[in-house]
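Q: Please take a close look at the charged residues in this model and at the places where they sit. A connected account, extending to a few other residues, would be welcome.

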Amino acid sequence: MKTTNNNLDESAFPDIIVWSDINWRSSEKYVDRLQKQIYHAESMGRRSRVRDKQRTLGHSKAALLLAIRRVTQINKGKRTPGIDGFRAINDKQRAELFDNLKDVNIKVHDPIPVDRLYVRKKNGKLRSLGIPVITDRVFQDIIRMTLEPQAEVNFEPTSYGFRPSRGCHDALARIMMNIIPGNWCWVFEGDFKACFDTLKHEFILKQIKGFPSYDLVEKFLKAGYVDNNVFYNTDEGTPQGGLLSPLLTNIALNGMEETLNITYSKVKNKKTGYVSYVTKGKYRMVRYADDFLIFAKSKEDIEALHDILDPYLKERGLTLAEDKTRITHISDGFDFLGFNFRRYPTQDGFIHLNKPSKDSIQQFKSKVAEICRQHHGHNVDELIKRLNSLIIGTANYWKPSAAKKTFSNMNYYVWKKVFKFVKRLHPNKPIKWIKEKYFPPYNDGKHRGNWILTGPKEGNRLFNMAWMPIRRHTMIQYNHSPYDRTKKEYFNNRKFPC
């Protein structure tokens, strides 16, 4: 389907498509334009226009195409079927799926129960996942496209999990902004107990009243699940594993700032015109999905939070996980999202640092050891590819923190593992031979070394984590959203910094 027309929902839309010929740029522009219109209408309080645009987007062929592509080509679980066993793993099957769904009215769709699976968490406990069938995932993603722009208008600035153009590093920057002054020194480390399993359906649905696909959202919530071939009803919660669950959870958890009486005032610099936002109130907070931190200046204010949060929790059907909820002083430090935050005494006062946490470091080591174990007997080039993916990804995640020493330590750990690996490949060869074959001198003009593992067949080299520069992350400003058309330049500069 090659077309230059951005309106993909006209009557001339082809009955048969060739998946590889689809003009994805045209589809993305059409959906993006409608999403920005939804956001703008919601920000102006024009609810009837919001509903009209949501209906248009929800029934569009462009949204259906993009949802199918995301579910069957982009998402990690694209090859994992639901209880019907169906997968769309090639272009022909994707085109057939589109053909089967393009005339289906999303409002009358009946979801199929999700398949309940279990994965082991790092503490040894099991986390339940609900895997919807492919068709349900497609419709869930269409709902996400239409509902998310409206929800973004009302979300809190300190919420960062599962939101567009926000992430862990923004939460990290917000935490540092809170603790560096030194007076917000008491921390309430909060965690909701089985959040995804206990959220009240009634509360979630109340928040989206009037949404055109309200009835289908309710059907998804109450579709039930199959565990070991036994069907169970779902009277509460939203299953982890569905594309819609993160958004519904964020919608349900929204409102903590209001509970804590956190407000913002806009400040404009008269000389530069730069606009900033000052946080007011006796609390500061950061939330990433169902994990959150609250900061206060006194222990008394922190200890009062159990009573303050009680109405917020009851209204949503939530309780705090006692084993994960604690009160901490920043001098003792705390972990969040794989980082440790702590205040250290110095001769000149205090310094506040964030570093990769011990658990995060141990997880990295375990993954390195596991990759080396899995590749015993295989060639070094394949080992380098697998390790580079892990090393570069981890280094990029850690680099906004004080991780230089950690980088050096992890580099030495990796070197010991890979040297042991190649020594095992050639048990009768001397170290000099191994050095010449696998660790030739390396100098690319920027980095150099004498012990950089090099693949003898393809010549690819193992990335040295110590080469990764430390770069502080600039936190996303206030409640800025990519759905806000007035912030186009801001997000262009954020994606492509000078």
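A: Strands are DSSP runs of E with at least two residues, helices are runs of H or I with at least four residues, and both are numbered from the N terminus. The model is a predicted one, in which local features need pLDDT of at least 70 and side-chain atom pairs count only at pLDDT 80 or more, while totals for chains, interfaces and linings use all residues. Residues are numbered from 1 along each chain as its sequence is written, and side-chain values use heavy atoms, with hydrogens and water left out.

The account may begin with R116, which belongs to strand β1 (residues 114–120). R116 is buried (under 20% relative accessible area; exposed is over 50%, and partly exposed lies in between, with a 1.4 Å probe and protein chains only). Despite being buried, R116 has no salt bridge, that is, a side-chain nitrogen of Lys or Arg within 4 Å of a carboxyl oxygen of Asp or Glu. The nearest side chain of opposite charge to R116 is that of D197, 5.0 Å away. Lys and Arg count as positive and Asp and Glu as negative, whereas His and the chain ends are not counted. Contact means heavy atoms within 4.5 Å; leaving aside neighbours within four places in sequence, R116 is in contact with S128, L129, Y225, V226 and D227.

D197 also appears in a surface patch of negative charge, together with E202, D235 and E236. Patches consist of residues with over 30% relative accessible area and no salt bridge, like charges being joined within 9 Å and nonpolar side chains (Val, Leu, Ile, Met, Phe, Trp, Tyr) within 5 Å. The place of a charge is NZ of Lys, CZ of Arg, CG of Asp or CD of Glu, and accessible areas come from the Shrake-Rupley method with a 1.4 Å probe, only the protein chains shown counting as cover for residues. Within the negative patch, E236 lies in the loop between β5 and α10 (245–253) and is partly exposed, with a relative accessible area of 45%.

A patch of positive charge on the surface brings together R25, K29, R33 and K488. Helix α1 (residues 24–43) supplies three residues, the largest share of this positive patch. K488 is found in helix α18 (residues 488–495) and is exposed, at 57% relative accessible area. Helix α1 also holds S26, which counts as buried at 3% relative accessibility. S26 and T454 stand 428 residues apart in sequence and 43 Å apart in space, C-alpha to C-alpha. Another lysine, K53, is part of helix α2 (residues 47–58); outside the residues up to four places away in sequence, K53 touches L34, Q37 and I38. From K53 to P81 the separation is 28 residues in sequence and 32 Å in space, C-alpha to C-alpha.

Two loop residues deserve mention for their backbone. N228, in the loop between β4 (225–227) and β5 (230–232), is not a glycine, yet its phi is positive, near 55°. A289, in the loop between β8 (284–288) and β9 (291–296), likewise is not a glycine and has a positive phi of about 60°. N228 is exposed at 68% relative accessibility, whereas A289 is buried at 6%.

Finally, I175 in helix α6 (residues 168–179) is buried, with a relative accessible area of 1%. Not counting residues up to four places away in sequence, I175 touches V286, L293, F295, F334, F336 and F341.
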